[in-house]
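Student: I'm new to this one, and I'd like a close look at a single part of it. Could you pick a spot, tell me what sits there, and then work outwards to whatever surrounds it?

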Amino acid sequence: MWQNKRKPLRKGLMALCALVLIAGVAAGCGKKKDEAATAAADKGKPSEVLVTYKDGQVTRGEFDTFLNVNAFFYKQYAQFKDDPAFQQDMMKQLVTFKILSSRADDKAKAEAEKQYNTQFEQIKGFLNAQEGGMEKQLKDAKLEQKDVEEFVKRSITAIVSEESKVSDQEIQTAYNTKLEQDKTAYVTATVRHILVGINDPATGKETRSKEDALKRAKEVQDKLNKGGDFDALAKEYSDDPGSKENGGKYENADISQWVPEFKKAAAELPIGKISDPVETSFGYHVMKVESRNTKTLDDVKPELRSAAAEMKVYDFVEKELPGLIQTNNLPKPEEKKPAEAPKTDAPKNDAPKTDAPKTDAPKTEGGK
């Protein structure tokens, strides 16, 4: 509610399809006619080759399974499955993770296997908790368990492989840079607060004026300063549904996730002091910081390594992948032509014609 929305660090980790149906690439110049005939016969079939790249290719069956697995994990993707632009983006992800996972060394593969085992058990537990269990969920999506297994394993292997290439110096530099940009970037705090809101979070309609909210917040502040119980007052007064039943408490939270005014108070308030009402766009907060710490480099190494690896993946897609793609038979997105402005006749000027006043320019040396 009063927090900033945060994007997941590993956005796109599950970006690879599971079923791999790679046919061998025919060799030799004398087989070009046979290859063309085979390609024509395979058109629209699972064996049809959609994309070739250095040392590999993607078949229609493989790509269709990839799209199905993506739609299985990300339901919102289903509506875009037939969109050419979406398909091109998905193909980039598929080929990227195929290539990057194939480059993993033995150490990265071993680490990826360990992470895969943990993650897939979590996925199975989640799916089995749904109606009909994992078997029904997969059947409805026209998938088999091996499809999801391969999808997850290849994705994790690609990411872990890129993470293994991130040096300690890169991580140190990223840590220092973030601190230079924001000295509170790694601060965590345990904070209690009571929010006196001005709008209904569900409808956005005003529930009380700012003046009434401030008056109510000062009433809360006064009660707390007189020894009032934070838990009880939070349940009575707070309009934050995420914390009111927990005494208004957020424990060991990254303060960077909070809106600027709340973050500033969490970073600067004396420990244990009841604050004056802190105004944000949601209303007025009466706060108390119970503890505050700063994460060390070792604390944040995993997330910094992951972020650096993600950037390496993006760099690969932008800089290296285009040069590796040899053929791409997926439909191309139509280029939108700019709308033509309606034709109009230029306004006629019926003002009387006049000769511009003439002036004799001063002559320069040489008569020019």
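Tutor: Let's start in helix α8, which covers residues 210-225 and holds both Glu219 and Lys223. Those two are four residues apart, and that is about one turn of the helix. Keep in mind that what you see is a predicted model. Glu219 and Lys223 form a salt bridge in it, with 3.8 Å between the closest N and O atoms. The cut-off for such a bridge is 4 Å, so the 3.8 Å of this pair falls within it.

How buried or exposed are the two partners? Glu219 has a relative accessibility of 36%, so it counts as partly exposed. Lys223 is partly exposed too, at 33%. Right beside them in the sequence, Asp222 makes a salt bridge with Lys226, and here the closest N and O atoms are 3.2 Å apart. Asp222 counts as partly exposed, at 37% relative accessibility, whereas Lys226 is exposed, with a relative accessible area of 67%. The line between those two classes is drawn at 50%, so Lys226 ends up on the exposed side.

Now step back from the helix. The model has 24 salt bridges in total. One of them joins Arg192 to Glu290, with the closest N and O atoms 2.6 Å apart. Arg192 belongs to strand β3 (residues 187-197) and Glu290 to strand β6 (residues 283-294), so this bridge ties together parts that are 98 residues apart in sequence. Arg192 is buried, its relative accessible area being 12%, while Glu290 is partly exposed at 29%. The pair also has company: a network of salt bridges links Arg192 and Glu290 with Asp231 and Lys288.

That brings us to the sheet these strands belong to. Its four strands come in the order β4-β3-β6-β5, the sheet is open, and the pairing is antiparallel. At the edges you'll find β4 (249-254) and β5 (278-280), each of which pairs on one side only. On average, neighbouring strands here are turned by 40° against each other, ignoring direction. Strands of a sheet pair through backbone hydrogen bonds, either parallel or antiparallel. For β3 and β4, the antiparallel pairing runs over four bridges, and Val191 has Tyr250 in β4 as its bridge partner.

Two helices pack on this sheet. Helix α9 (residues 230-237) touches β3 and β6, and its direction makes about 45° with that of β3. Helix α10 (residues 260-268) touches β3, β5 and β6, making about 45° with the direction of β6.

Aromatic rings are worth a look next. The count of aromatic pairs comes to nine. Trp258 and Phe262 make one of them, with ring centres 5.1 Å apart and planes at 75°, which is edge-to-face. Both are buried: Trp258 has 1% relative accessibility, and Phe262 has 0%. Elsewhere, ring pairs link Tyr74, Tyr77, Phe80 and Phe86 into a cluster. A ring can also have a charge over it, as with Tyr116: Lys153 lies over its face, at 4.8 Å from the ring centre.

To finish the walk, there's an open sheet of three strands, in the order β2-β1-β7, again with antiparallel pairing. Its edge strands are β2 (56-59) and β7 (325-328), and each of those pairs on one side only. Neighbouring strands in this sheet are turned by 15° against each other on average, direction ignored. Strand β1 (residues 49-53) and β2 run antiparallel and are joined by four bridges. If you want to find one of these pairings, look for Thr52, whose bridge partner in β2 is Gln57.

Helices lie across this sheet as well. Helix α2 (residues 60-73) crosses β1 and β2, at about 70° to β2. Helix α3 (residues 84-102) lies across β1, β2 and β7, and it runs at about 50° to β1. Phe86, from the ring cluster we met above, falls within the residue range of that helix.

Terms used: Residues are numbered from 1 along each chain as its sequence is written. This is a predicted model: local features need pLDDT of at least 70, side-chain atom pairs count only at pLDDT 80 or more; totals for chains, interfaces and linings use all residues. Side-chain values use heavy atoms; hydrogens and water are left out. Rings of Phe, Tyr and Trp (its six-membered ring) pair if their centres lie within 6.5 Å; planes under 30 degrees apart count as stacked, over 60 as edge-to-face and the rest as tilted. Buried means under 20% relative accessible area, exposed over 50%, partly exposed in between (1.4 Å probe, protein chains only). A charge sits over a ring if NZ of Lys or CZ of Arg is within 6 Å of the ring centre and within 35 degrees of the ring normal. A salt bridge is a side-chain nitrogen of Lys or Arg within 4 Å of a carboxyl oxygen of Asp or Glu. Two strands pair if DSSP finds at least two bridges between them. Axes are lines fitted to C-alpha atoms, for helices over the stretch in contact, and angles run from 0 to 180 degrees between N-to-C directions. Contact means heavy atoms within 4.5 Å.
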